[in-house]
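Hi,

Here is the structure I promised to pass on. Have a look at it first, and then read on for what I found in it.

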Amino acid sequence: MLLSRVADSLYWISRYLERAEHSARLVAVAVDQGLGRAPFAGSAVERLYQSIGLESGSQDLSALAGGALFDLTNRNSVVSGVTAARENARQVREEISTPMWEQLNALFLRTKQMREEGSWGARIHHVSRTIIDGVRLFKGITNGTMSHGEGWQYLQVGHYLERSSATASLLTLFVPEGTGSMNMPEPRDQVEWVTLLESCSALEAYCRYYTADVRAGRVTEFLLLNPEFPRSVRFSAVQLEGALRQLARYSTRTGGRAERLAGRLRASLEYAQVDEILNDDPQAYLTNISRQCSQIHSAVHQSYVSYSIESALPA
Amino acid sequence: MSSQGSSLKLVPPLQSARSEHPVSAFFSHYMLDSAYDEMFDAEWRARPHYRALIEELLVTSPEVLRQRQLEADRAFITQGITFTVYGDDQGTERIFPFDLLPRILTGREWDTLERGLAQRLTAVNLFLKDIYHEGRILSEGVVPPDLVYSCRHYRREMRGVRVHKDIYVSIAGTDLIRLEDGQFVVLEDNLRVPSGVSYMLANREVTKRVFPGLFTRYNVKPIAHYGQSLLATLRTLTPANRAEPTIVVLTPGVGNSAYFEHAFLAREMGVPLVEGRDLLVYDNVVYMRTTSGLRRVDVIYRRVDDDFLDPLAFRADSYLGVAGLLNAYRAGQVSLANAIGTGVADDKAVYAYLPAIIKFYLSEEPILSNVQTYLLDNPSDRSYVLDHLDSLVVKAVGESGGYGMLIGPHSTRQQREEFRAQILASPRNYIAQPTLAFSRAACFMETGIEPRHIDLRPYVLFGDRVTTVPGGLTRVALRKGSLVVNSSQGGGSKDTWVLAD
């Protein structure tokens with residue numbers, strides 16, 4: 001039994017942190033691409049920023065990185081994510097462990113300090129690394145110090161829901177519109193697909209699976225359908241469904257709708273084939289996944305947080 | 001008198017160390033006057049229970065202490081033990097300044113305090129029951145009825161309401177000061193939602209980290225069981241026929257400057273921390289909204305003021321409370337700690353009657369005295385006070401936090417004239433007291449070890465029995481010469497040790 005408000009905050013803590021980590025990694029990859037001056041890298045960088053709501057336009061790389069890292073008015077920026085996660089943690093301070101709170105608070109103070117120092121331009125890598133490490137440490141502390149009970153499952157739901165939808169929307173910007181074969185990438189494409197893999201921390205894992213032969217179809221398959229890679233949409237959907245099933249066990253309320261939607265998403269990914277997706281309309285397919293993610297979000301909210309009082313009064 | 005030589009000469013174990021040890025310069029700014037000094041007596045002899053601390057200080061370099069101060073401050077920041085500065089849109093969070101050096105009380109000193117506090121709170125609970133029911137103390141003329149009925153915190157809604165076990169005040173935080181002769185007196189009773197207990201506990205944790213060695217030299221009574229004691233006290237309020245009560249802490253929310261404490265206490269007790277929006281009342285039963293549907297709530301440790309508790313009964317513009325809570329409470333379906341309307345008993349004018357209240361209900365002499373208090377709706381007191389505004393302290397009866405206060409000796413003519421006009425306009429709203437020399441304790445300041453004025457707020461729990469965790473919050477007026485210990489006015493705090501003699 002958890003307070004609905006607490007469940008909601010736990011869910012958002014991990015969503016926001018996952019988002020902050022994701023944005024921090026995108027910035028690091030984007031800066032690398034810019035520095036390496038790889039031919040045609042520009043467009044991939046542009047897409048990375050686009051995926052977190054920044055339009056490159058005429059801005060220089062450093063201004064873009066600044067926006068993605070430290071712009072409080074950008075909801076997807078690192079500082080927004082960390083601040084919102086910490087604010088949610090503050091509201092459920094009694095539900096999370098003290099080491100968890102101290103780590104999140106330290107990450108917040110560090111981020112704020114880096115933002116105020118202002119001289120991060122020359123060491124964006126360091127900044128992004130600090131944030132990614134901070135989030136990972138928080139996850140480790142969470143797994144090691146918090147009971148894996150109902151509250152922890154809400155953290156998992158937020159975590160994997162954010163990850164499924166982030167990976168899916170990033171992919172959306174890389175797969176071509178309409179139908180067509182993507183099996184033989186141009187050299188320029190290859191750079192882009194490598195960038196995509198890197199921004200999901202997936203390059204090494206991909207290479208071990210398929211060798212360094214980077215191809216559009218395989219990348220799509222890996223990030224969308226791989227059952228073992230922790231950032232693939234399918235992996236996240238499996239975890240998400242598992243966490244929702246656990247949640248339903250704790251509650252006397254029926255969470256059936258969220259569980260059913262997550263199960264359907266998981267099953268559709270398990271039985272999907274990448275050729276079919278690519279030959280049909282990959283953009284539409286990915287957009288559909290993002291839509292399903294937001295349906296699951298609403299269903300969780302309606303079942304456990306914002307249910308009507310009439311439906312819950314004693315008979 | 002305040003030279004380093006004389007300050008150390010009379011500390012016997014240190015005599016030899018004085019000349020060759022550079023750190024004795026540490027005490028060069030220490031000074032004594034008529035105020036009671038917690039560390040030295042009037043002849044500069046260290047009080048016995050402070051000797052081990054002084055010895056520790058003399059073998060510690062200022063740099064090391066400064067380092068420890070930084071560590072302590074950092075510990076508060078990473079733990080998020082901060083308060084938000086109101087009116088600052090950058091969301092600046094500050095720590096409540098912490099002084100490294102513990103304030104030490106002997107077991108004997110503590111015993112008197114403990115008995116005196118228990119006596120006082122017992123009388124307060126009898127008083128509250130009386131004035132909200134038959135009003136014996138009023139009809140017998142011990143306390144003037146109009147004083148009670150004109151109090152801003154008197155709640156008509158509580159007339160005739162049966163309060164579970166007649167416990168009105170479950171949690172009190174009484175402010176004590178020490179006069180020139182070393183005697184403790186009560187300065188103020190806080191009987192509504194006293195705060196600061198989390199700082200008492202946090203200060204101890206930090207002191208343990210920065211002075212691990214000292215604890216082996218002192219036998220300090222533990223305070224860490226406060227959470228369990230609080231929970232046990234709240235359990236005694238369980239309404240009849242509710243076997244396994246659901247207990248919650250009700251907070252105004254993260255915006256409140258004491259939010260850290262609310263969350264801290266909920267954690268310590270292992271109970272949910274709720275906000276008004278998590279609760280609802282249906283058919284006079286209070287429920288909280290959980291992931292498993294609605295769950296009945298039996299006992300609420302509320303950290304929300306009466307005014308904001310129930311928009312249907314009190315302030316209609318409150319978003320912090322729960323609509324219908326008062327009715328559920330009157331129906332006996334839920335218990336509140338503290339009860340509604342306890343503020344009458346900590347009104348600063350009613351305070352003046354506390355010794356009489358103790359005698360009336362308990363037929364005992366008060367163990368702890370009051371500070372002499374002038375009531376300004378009494379004509380002779382009033383004319384005396386108006387003639388001596390430059391030497392007295394004037395306080396508004398309903399205020400706290402060091403606001404609404406005139407400290408005569410530190411005031412300007414204009415401030416005195418303003419207070420004079422206010423007193424004449426509403427005499428019931430003010431009291432006056434002599435300007436007291438609070439005791440002073442050694443503090444670690446920029447220039448070395450210096451004495452600063454302090455008070456003491458022990459936390460008293462009233463359930464099936466009275467529990468006072470040995471210690472309390474020692475607040476420090478960090479500004480030199482200042483008598484105001486409130487955090488909003490440059491105050492800080494330090495750890496408080498009670499020794500097991």
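Let me start with chain B, where residues 24 or more positions apart account for 69% of the contacts with a separation of 6 or more. Please keep in mind throughout that this is a predicted model.

Chain B has 17 helices and 23 strands. Its C-alpha atoms fill a box of roughly 75 × 60 × 50 Å along the principal axes. A compact globule of 501 residues would have a radius of gyration near 23 Å, and chain B agrees with that, at 24 Å. Buried residues make up 45% of the 501.

Now for some of the strands in chain B. If you want one to look at early on, try β19(B), residues 448-453: six of its six residues are buried, so the strand is largely enclosed by the rest of the structure. Its partner β18(B), residues 440-445, pairs with β19(B) in the antiparallel sense over six bridges. One pair to pick out on screen is Cys443(B), whose bridge partner in β19(B) is Glu450(B). The two strands form a hairpin, with two residues between them.

There is another hairpin further up the chain, made by β4(B) and β5(B), with five residues between the strands. Within that hairpin, Gly182(B) takes a positive phi near 90°. β4(B) covers residues 171-178 and β5(B) covers 184-190; six bridges join the two, and they run antiparallel. Ile177(B) stands opposite Val185(B) there. β5(B) is also joined by two bridges to β13(B), residues 369-370, and this time the strands run parallel. Val185(B) turns up again in that pairing, standing opposite Ser369(B) in β13(B).

Then there is an open sheet of three strands in chain B, in the order β3-β23-β22 and with mixed pairing. Which strands stand at the edges? They are β3(B) (98-105) and β22(B) (474-477); each has a single partner strand, so one side of each is left without a neighbour in the sheet. From one strand to the next, the twist averages 40°. β3(B) and β23(B), the latter spanning residues 491-498, run parallel and are joined by five bridges. In that pairing, Ile104(B) has Trp497(B) as its bridge partner. Helix α8(B), residues 197-210, packs on this sheet and touches both β3(B) and β23(B). The direction of α8(B) makes about 75° with that of β23(B).

On to chain A. How many strands and helices does chain A have? The count is zero strands and 14 helices, so to speak a run of α after α when you read along the sequence. The C-alpha atoms of chain A fill a box of roughly 65 × 50 × 35 Å along the principal axes. With 315 residues, a compact globule would have a radius of gyration near 20 Å, and chain A agrees, with 20 Å. Of those 315 residues, 50% count as buried. Residues 24 or more positions apart account for 72% of the chain A contacts with a separation of 6 or more.

The domain assignment of chain A gives domain 1 (1-146) and domain 2 (147-307). Taken over C-alpha atoms, 20 Å separate the centres of the two. Where they meet, 30 residues of domain 1 are in contact with 26 residues of domain 2. On the domain 1 side, the elements that give two or more residues are α1(A) (4-36) and α2(A) (41-51). α1(A) gives the most, with 16 residues. By class, that side divides into 15 nonpolar, eight polar and seven charged residues.

Finally, the place where the chains meet. Here 24 residues of chain A are in contact with 23 residues of chain B. The elements that give two or more residues to the chain A side are α1(A), α4(A) (78-91) and α5(A) (98-117). Which of the elements gives the most to that side? It is α5(A), with five residues. The chain A side has 12 nonpolar, five polar and seven charged residues. Note that α1(A) is on both lists: it gives residues to the side of domain 1 that touches domain 2, and to the side of chain A that touches chain B.

Over to you, and enjoy looking around.

Best wishes

Notes. Residues are numbered from 1 along each chain as its sequence is written. Chains are lettered from A and ligands numbered from 1 in the order in which they are written. This is a predicted model: local features need pLDDT of at least 70, side-chain atom pairs count only at pLDDT 80 or more; totals for chains, interfaces and linings use all residues. Two strands pair if DSSP finds at least two bridges between them. Helices (H or I, at least four residues) and strands (E, at least two) are DSSP runs, numbered from the N terminus. Axes are lines fitted to C-alpha atoms, for helices over the stretch in contact, and angles run from 0 to 180 degrees between N-to-C directions. Two residues are in contact if their C-beta atoms, placed from the backbone, lie within 7 Å. Domain bounds come from an automatic or database domain assignment. Ala, Val, Leu, Ile, Met, Phe, Trp, Tyr, Cys and Pro count as nonpolar, Asp, Glu, Lys and Arg as charged, and the others, Gly among them, as polar. The radius of gyration is taken over C-alpha atoms; the globule rule is 2.2 Å times the number of residues to the power 0.38. A residue is buried if 20 or more other C-beta atoms lie within 10 Å of its own, exposed if 12 or fewer, and partly exposed in between; C-beta atoms are placed from the backbone.
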